[in-house]
Amino acid sequence: MRTWAKRIPLALGLVAVMAGCGGPHAVVLNPAGPVGRVELNLMDLAAITMGIVILFVMVLFTIAVVRFRDKKGNRAPYTPNVEGHKVLEVLWFIIPALILTVIAVPTVQETYALAKVPAKHPLVIDVTSLDWKWLFEYPGQKVATVNHLVIPAGQPVLFKLTSDAPMNTFWIPQLGGMEYAMPGRVLPLWLESYKPGVYWGHSGQFSGREFEKMFFSVKAVTPTAFNAWAASLRKTAPAMTVADYHRLLQFTTVGYQSYSSYPAFTFPSVTHGFTLKGGMYLLMHNNPAHD
Amino acid sequence: MPALPSFVPYLIHTLFPPWVRRPTEIGAEIMMTAGGAFIVYWLLKNKKLQWLWNEWLTTVDHKKIGIMYLVAAIIMLGRGGLDALMLRTNLAMPTLHFINASEYNEVFTTHGTIMVFFMAMPLIFALFNVVVPLQIGSRDVAFPRLNAISFWLFAFAAALFNLSFVVGGSPNAGWTAYPPLTELAFNHTVGENYYFVSLLMTGIGTTITGINFLVTILRMRAPGMTFMKMPLFTWATLNTSVLILFAFPPLTIALLESLLDRVAGTTFFGLAHGGMPMMYVNLFWLFGHPEVYILVLPAFGVFSEVVATFSRKKLFGYPSMVLSMTAIMVLAYGTWVHHFFTMGAGPAVNVFFGLSTMLIAIPTGVKVFNWILTMWGGRLQFTTPMLYFLAMIPTFVIGGATGVMLGAVPADYQFHNSYFLVAHFHEVLIGGTVFGLLAGVYYWWPKMFGYKLNDHQGKWAFWLFAGGFWPTFIPQYWLGLEGMTRRMYTYPFGMGWHTLNVISTIGGFIMGAGFLVLVSNVLRSRLHREVDATGDPWDGRTLEWSIPSPAPEYNFAVIPTVDERDWWWEEKQRRQSGEKPAGPKPEDIRPIAIPKNTPVPILLGAAFFLGAFGLVFTWWPVALTGLAGVFGVLIYSWFQYDHYRILSAGEIRETEELLGRLGA
Amino acid sequence: MSSQALHGGHKTPPQELPPEFQDQEESIKITGFWMFIVTDVLIFASLFATYAVFVNRIASGPTPAQVFQLNTALIETLILLTSSFTIGIAIWAMRQNRQRMVTWWMVLTVLLGMAFVSIELTEFAGDVAAGWGWHTSAFLSAFFLLVAAHGTHVTMGIIWAVALLFQLRKRGLTTVTRRKLYTFSLYWHFLDIMWVFIFTVVYLGGRLI
């Protein structure tokens, strides 16, 4: 007997196995900041709503498969000439539409809500993706780091993303969703960590041979500790020269680096006019490395 | 040293660059050469060359072209599947270097490209070709020679794309080929040229196929077959053709501009001189999203035929099925931005495309409900095609549900480019498209070849394939939630990703075993075939089952007049009750014009291949020779006038008599 | 005859249609050609979209106003519009069954097309001499691709028309050559309309920016 009913417990079992072994690592399901929290809530809502639909369809489907098998002595009605049912067919259109509204309304609200940084003067970090490393510049603190990010906890941080190499996406799954870092444009993304903590980030857009190495670490610290860190960096770390930046542009992978300052041209200068309503197209700054 | 012509060292260097010589490549080169030599030897020894040329290579018969598409698609399914297994093997364990990063990048690129353009598309066209003219009661497609041209452009493009593995290196920027990664500054081997050129080539063929089937369905239906009496697979073909017509031009331009950037020095998508990569992304997905429905609508069509036949019942809600399919076709053009919500288009744009994405779930849901209610009150027969249909429902419903989750814009910021997305699109593309097309292949196999595929082995293949599917892709949803992003060639220890990856890899190999059983099913069914003389082994409902299998070259001796949706189902009852004669009356048979074979399509394909190969290596003399060849063949064919030969009424009567088809 | 047999002979088009539509098979080919024009319109739409997005991305290259010469473009427009008129007369003559007249008006159309292409090539040569190629800026890439795509279409049309003239001389006005003339005229009108768009959007628009 090969029924579909037999396979459902199998699938459920698999889900259970997965939940068991993957639980603590499911970073998306353990958000550590408001953005990730909002996104998770929406995921949950969509998953539950869709789960109800799936359940309904599967029950209907299972009954149909079990009940109307072609075997001798099956006493279920056989109605080969039924062509349809007007009311049901209209309902198929209306009910899903209503169900989708449950997801659609919060989707619209949250999309608009997340587009605004909930602070007047958030900490700004200029992010440039390079082959195959991340450059983080702190225009307020005048310091720069490579592949490791330090942010103050408990306040929104505005990341301005661009790329001086193929496209990447900037993703810290535990804090919130990703956004593209692409050449010629600067895109905004704000994230916040509730509490001090350590997270990891990665790129979601394939960018070449060593793409896998596009991991970076994120450390959220108290605001005081953050200021102290920036001050100490300014004193102890070396300054980034133009030659240093050109070295970063090369097709290499590097470890963590810190700099007490950085040359002005390394981030598109025309960023101040951008709005969170959609970024703006920028002229490419003149970059000798790619000519 | 005597001066060589300047292109010789250049050619040697580009064909055999030091950095791409790998043992795998050399091995593959030897195998391909040996295999090719063996095939030629076998053909010569058995004096089959003439037969091959006359019966297949120059044919314009839609049924034979369909079979050639089918063979090519199954070979490509093998190649793409092998790629997939290499990827899965590499990901089975953290920091496993079964293949290195460069190889992995090439393999995932060819996996995606082959599966979409060189497996799914030809498999769809195989069914279009075999089924549609028979389903609408036509003698052939509207443009038989263009149909053959489409096939040969596809076949040579597929050959060119696969050649990249052995000569010069494969493309390695993903099947979406986003710039600037595809620009010369970041990608200086010829791999991406192969991608752009072969896709342009097959794209031309696909566009022609779209035009061809659109016109065929619009203009060549049997008398009495109004739009609302067309079988649903024909409806699916009609909608797919419209999608092709509107979707492929933007792709053509996106590919052309990328190619020009690489070979002719333009600056569309580069970093310098004001280029803008995002324009490519828009053009690509303007094609890419309709493409998703190009892939899935034909499968919907197959399912609608299969479920009605094997429930032994009329399709439930035909008008709403047509309406929902057309709605999907229209909405498909309004959702492309959901492939890049995270590219900063702003909340207004994102909300619009998020809502349109959810909207498209409604007609899709309607189809699922109608299918289930078709089974309700039927008598279900669990044949292999029906099993694929039954497997599709849970798979596609879950895949569709996660699609809605992806459409919730803020949530998509977390899902984008993660394994959650990978799991989603494999679930709909395999659960929808591949299951659907395999169901179609099993269902219409007797119509193509005159015998059924062995049901027992078919079920083995099914259970392995569909059974391997779940452990392969369900874990990947969870991997996405664990933060694994797509296209990583390996991953470090300590991320907690290994268990699920192992499960996924094992599932992948089970699917691979399923494919092998499927191939053996095909071969063994051919060896032990039981010829089906009825032409109607499934007790079918539509026109194609009313004629012998395989159909004679003229398809219908007398074109029937269609007065209902399930014409053949009703006709059978009328014939049984003696209301109608059992076949065409001899005196109704008229002479029929049959399109003649022509070498133009294969020569055109070969000329394209030559030109394209020259373009890949920017070896202009070869490219121009190919171009001249293309024009030569075209002009030659413009001056050809006599395209038909006439089958006399007597010959047709004889054939029908032999098939036992003549009515009193 | 043959087409009737091929397509089942069940749909005879009404006789009041123009001659190129009266044969079932040829009429289907005209439908197919319309579908081809749909795809070609979308090809040009994509090129226009590229142009519209890239028109301001001039990098260190010239501005649109520096590149475009309105006089030349205006002459090109007049030539092409005239050729639309001449092909129209050729089709009218075809329906009157006047083969010599068809031939001469076709020849005139081809000559006008050649004049158009040579003016365009001269213009391109001037740009290249001034150091402006499609490698200069994204704007020029988009401009050259759009205009050259149209120019290539015209060139293909000329080759087609010449081939058609030979067939006309050999075979006269048959069902097949009529349909071929008619589809050629569709193609030619389509190219004219595309050129009007190019003239308006690119040349006139470039003046305004």
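**Exercise 1.** How many residues of domain 1 of chain A are in contact with residues of domain 2 of chain A?

*Solution.* The structure is a predicted model.
Step 1. Locate the domains: in chain A, domain 1 covers 33–69 + 84–116, and domain 2 covers 123–265.
Step 2. Apply the cut-off: two residues are in contact if their C-beta atoms, placed from the backbone, lie within 7 Å.
Step 3. Read off the contact: five residues of domain 1 of chain A meet eight residues of domain 2 of chain A.
Step 4. Sort the domain 1 side by class: two of its residues that touch domain 2 of chain A are nonpolar, two are polar and one is charged.
Step 5. Add the separation: 38 Å lies between the C-alpha centres of domain 1 and domain 2 of chain A.

**Exercise 2.** Find which chains have the most contacts between them, and describe the chain A side of that contact.

*Solution.* Step 1. Two pairs of chains touch, and of these the pair of chains A and B has the most contacts.
Step 2. Chain A and chain C do not touch; 7 Å separates their nearest C-alpha atoms.
Step 3. Count the residues in the contact of chains A and B: chain A gives 86 residues and chain B gives 82 residues.
Step 4. List the elements of chain A that give two or more residues to the side touching chain B: α1 (7–22), α2 (34–67), α3 (86–114), β7 (176–181) and β8 (185–191).
Step 5. Pick out the largest share of that side: α2(A) supplies it, with 15 residues.
Step 6. Divide the residues on the chain A side that touches chain B by class: 53 are nonpolar, 20 polar and 13 charged.

**Exercise 3.** In the open sheet of chain A with the order β4-β10-β9, explain why one side of β4 and of β9 is left without a neighbour.

*Solution.* Step 1. Write down the sheet: three strands of chain A form an open sheet in the order β4-β10-β9, and the pairing is mixed.
Step 2. Look at the edges: β4 (148–152) and β9 (197–201) of chain A stand there with a single partner strand each, so each has one side without a neighbour in the sheet.
Step 3. Give the twist: from one strand to the next, it averages 25°.
Step 4. Follow β4(A) to its partner: β4(A) and β10 (residues 216–221) of chain A run parallel and are joined by five bridges. In this pairing, A:His148 is opposite A:Ser217 of β10(A).
Step 5. Place the helix: α4 (residues 223–236) of chain A packs on the sheet and touches β4 and β10 of chain A. The direction of α4 makes about 135° with that of β4(A).

Note on methods
Residues numbered from 1 in each chain as written. Chains lettered and ligands numbered in written order. Predicted model: local features only at pLDDT ≥ 70, side-chain atom pairs only at ≥ 80, totals over all residues. Helix = DSSP H or I, 4+ residues; strand = E, 2+ residues; numbered from the N terminus. Nonpolar A, V, L, I, M, F, W, Y, C, P; charged D, E, K, R; others polar. Domains from an automatic or database assignment. Pairing = 2+ DSSP bridges. Axes fitted to C-alpha atoms, helices over the stretch in contact; angles between N-to-C directions.
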